[in-house]
Amino acid sequence: MKIIIVGCGNVGSTIARQLSLEGHNITLVDVSEAAVRNITEGYDVMGMIGSGTSLSVLKEAGITDADLVISVTDSDERNLLCCLLAKKAGAKHTIARVRNPEYKEDVNLLRNDLGLSMFVNPEFDAAAEIARLLRFPTAIEIDTFARGRVELLKFLVTEDSPLCGLALKDIPAKIETKILICAVERDSEVLIPRGDFELWEGDKVSFVATTKEATRFFKKVGINQGKARTCMIVGGGDTALYLAQKLIASGVEVKIIDRSKARCDELAEMLPEAVIIRGDGQDKGLLSEEGIDRTESFVTLTNFDESNVMMSIYAKKINPKAKLVTKVHRSTYDDIIDDMNIGSIINPKLLASEHVVKYVRSMQNTVGSNIESLYKLNGGRIEALEFKVKDVEGLIDTPLMNLKIKNNALICCIVHNGAIEIPGGGSVIKSGDMVIVVTTESGLSDISDILD
């Protein structure tokens with residue numbers, strides 16, 4: 001596909017890298033020569049210096065026959081104008097990044113008038129993911145499928161866990177819950193495990209279940225899953241605002257710390273139910289005074305990765321029982337951060353990239369299913385996809401035990417007429433079903449791609 005990406009910041013560069021690796025024809029547009037050069041030198045993409053709101057620049061980039069234009073500059077207004085121009089000039093589809101909370105409802109209302117195929121809001125998506133994590137504090141990651149009715153959760157196997165030394169095939173009988181373990185991260189290796197695979201201390205395990213069964217499973221293995229009732233947030237940007245709104249609506253007590261007096265005044269007006277503190281979240285005295293040792297969750301959302309990580313390390317030392325969530329923008333030190341065991345890591349640009357990649361793969365689809373959801377797990381080494389299945393030869397009405405499925409793929413869940421099934425060998429897929437697949441192979445655009 002011919003794709004034009006306007007804006008080479010964190011979000012634009014992440015999307016460009018992923019789509020380039022999947023073989024698309026990518027052209028980048030940005031006013032910064034250094035930003036364009038940084039990406040074009042490392043990936044097979046074209047670069048162009050100029051403004052995405054200039055029709056002449058867009059035409060030179062090939063807008064008239066572009067399959068998709070993605071505008072992700074740091075200005076909502078420029079992104080919307082770019083997409084409007086692109087649509088008028090002949091681009092088939094457009095995606096805009098819209099961050100301002102005040103625009104969210106307006107853009108939804110004007111989506112068709114603006115010619116937008118979709119819009120992405122990394123800050124809102126990050127807040128939604130953090131809110132889910134605070135509902136299941138022991139989970140490291142939570143992703144949702146089937147409109148929130150099925151969840152994929154990741155947790156750490158501890159020394160005293162009844163799962164240690166247990167083979168996967170023996171878990172249903174011993175734990176008596178309907179879950180399916182679909183991925184295990186052990187040291188630096190990520191696996192799609194089979195039935196005879198044994199779990200060890202230190203494994204990071206991902207499993208699929210309904211919300212009810214996930215809660216039951218955690219109780220069975222001795223993990224307390226009461227949701228966090230208090231939350232301290234450091235950094236008062238848009239992500240903090242979105243998160244605070246969600247938490248307050250669910251009855252959580254929220255405290256936000258930010259350096260800027262102007263921003264604190266804004267937050268106090270927008271969030272009258274929250275406690276807003278002006279100060280430096282790296283000040284140990286301030287954190288102690290505000291109750292870091294008592295809070296049930298601690299979330300770092302400043303714009304500085306190093307500060308966020310260091311604050312989370314400190315919080316873990318002072319309050320080891322607190323649920324920690326740390327925002328990072330760069331993926332350079334993912335392995336090191338994972339080894340620190342500082343709870344959940346949130347990367348807004350990767351969340352935005354997931355949404356765009358899902359949309360692009362759905363556009364490509366021509367066989368018989370559409371991608372409804374897509375998540376990248378374990379540092380992007382595993383993908384979890386939700387397909388809506390139509391008529392796929394060799395797949396429909398065939399027991400899973402008789403299908404030749406690739407070794408690096410696993411069917412984790414089937415939703416048929418609203419009924420959720422954790423599949424076994426005798427399960428069959430019907431036309432119209434929603435099917436969740438986990439795989440170490442990147443680039444799947446149709447469920448038939450899992451067949452060997």
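Arg-263 and Glu-266 both sit in helix H10, where three residues, or about one turn of the helix, separate them. In this predicted model, Arg-263 forms a salt bridge with Glu-266, and their closest N and O atoms are 2.9 Å apart. The points below begin with this helix, then turn to other salt bridges, to the sheet on which helix H10 packs, and finally to helix H9.

**Salt bridges within helix H10**

- Arg-263 has a relative accessible area of 16%, and it counts as buried because this value is under the 20% limit.
- Glu-266, the partner of Arg-263 in the salt bridge, has a relative accessibility of 40% and therefore counts as partly exposed.
- A salt bridge also joins Asp-265 to Lys-261, with 3.0 Å between the closest N and O atoms.
- Asp-265 and Lys-261 are four residues apart in helix H10, which means that about one helical turn separates them.
- Asp-265 is partly exposed at 42% relative accessibility, and Lys-261 is likewise partly exposed, with a relative accessible area of 48%.

**Salt bridges elsewhere**

- Across the whole structure, a search finds 26 salt bridges.
- One of them links Asp-74 with Arg-78, whose closest N and O atoms lie 2.6 Å apart.
- Asp-74 has a relative accessible area of 59% and so counts as exposed, since this value is over 50%, whereas Arg-78, at 39% relative accessibility, counts as partly exposed.
- Salt bridges can also be linked to one another, and here Glu-22, Arg-361, Lys-376 and Glu-383 are connected in a network of them.

**The sheet and the helices that pack on it**

- Strands of a sheet pair through backbone hydrogen bonds, and the pairing may be either parallel or antiparallel.
- In this model, six strands form an open sheet with parallel pairing, and their order across the sheet is S14-S13-S12-S15-S16-S17.
- At the edges are strand S14 (275-278) and strand S17 (344-346), each of which pairs on one side only.
- Neighbouring strands of this sheet are turned against each other by 15 degrees on average, with direction ignored.
- Strand S15 and strand S16 (residues 323-327) run parallel and are joined by four bridges, and in this part of the sheet Ser-297 stands opposite Lys-323 in S16.
- Helix H10, which holds the salt bridge between Arg-263 and Glu-266, packs on the sheet and touches S13 and S14, its direction making about 175 degrees with that of S14.
- Helix H12 (residues 305-318) lies across S12, S15 and S16, and it runs at about 170 degrees to S16.

**Helix H9 and its surroundings**

- Helix H9 covers residues 238-249, and at 1.5 Å a residue its 12 residues should span 16 Å, because the expected span is 1.5 Å times one less than the number of residues.
- The end C-alpha atoms of H9 are 17 Å apart, which agrees with that expected span.
- The buried residues in H9 are Thr-239, Ala-240, Leu-241, Tyr-242, Leu-243, Ala-244, Leu-247 and Ile-248.
- The elements that cover these buried residues include helix H6 (122-135), helix H10 (261-270), and the strands S12 (230-234), S13 (253-258) and S15 (297-300).
- Just after H9, Gly-251 takes a positive phi of about 90 degrees.

How values were computed: Residues are numbered from 1 along each chain as its sequence is written. This is a predicted model: local features need pLDDT of at least 70, side-chain atom pairs count only at pLDDT 80 or more; totals for chains, interfaces and linings use all residues. Side-chain values use heavy atoms; hydrogens and water are left out. Helices (H or I, at least four residues) and strands (E, at least two) are DSSP runs, numbered from the N terminus. Buried means under 20% relative accessible area, exposed over 50%, partly exposed in between (1.4 Å probe, protein chains only). Contact means heavy atoms within 4.5 Å. A salt bridge is a side-chain nitrogen of Lys or Arg within 4 Å of a carboxyl oxygen of Asp or Glu. Two strands pair if DSSP finds at least two bridges between them. Axes are lines fitted to C-alpha atoms, for helices over the stretch in contact, and angles run from 0 to 180 degrees between N-to-C directions.
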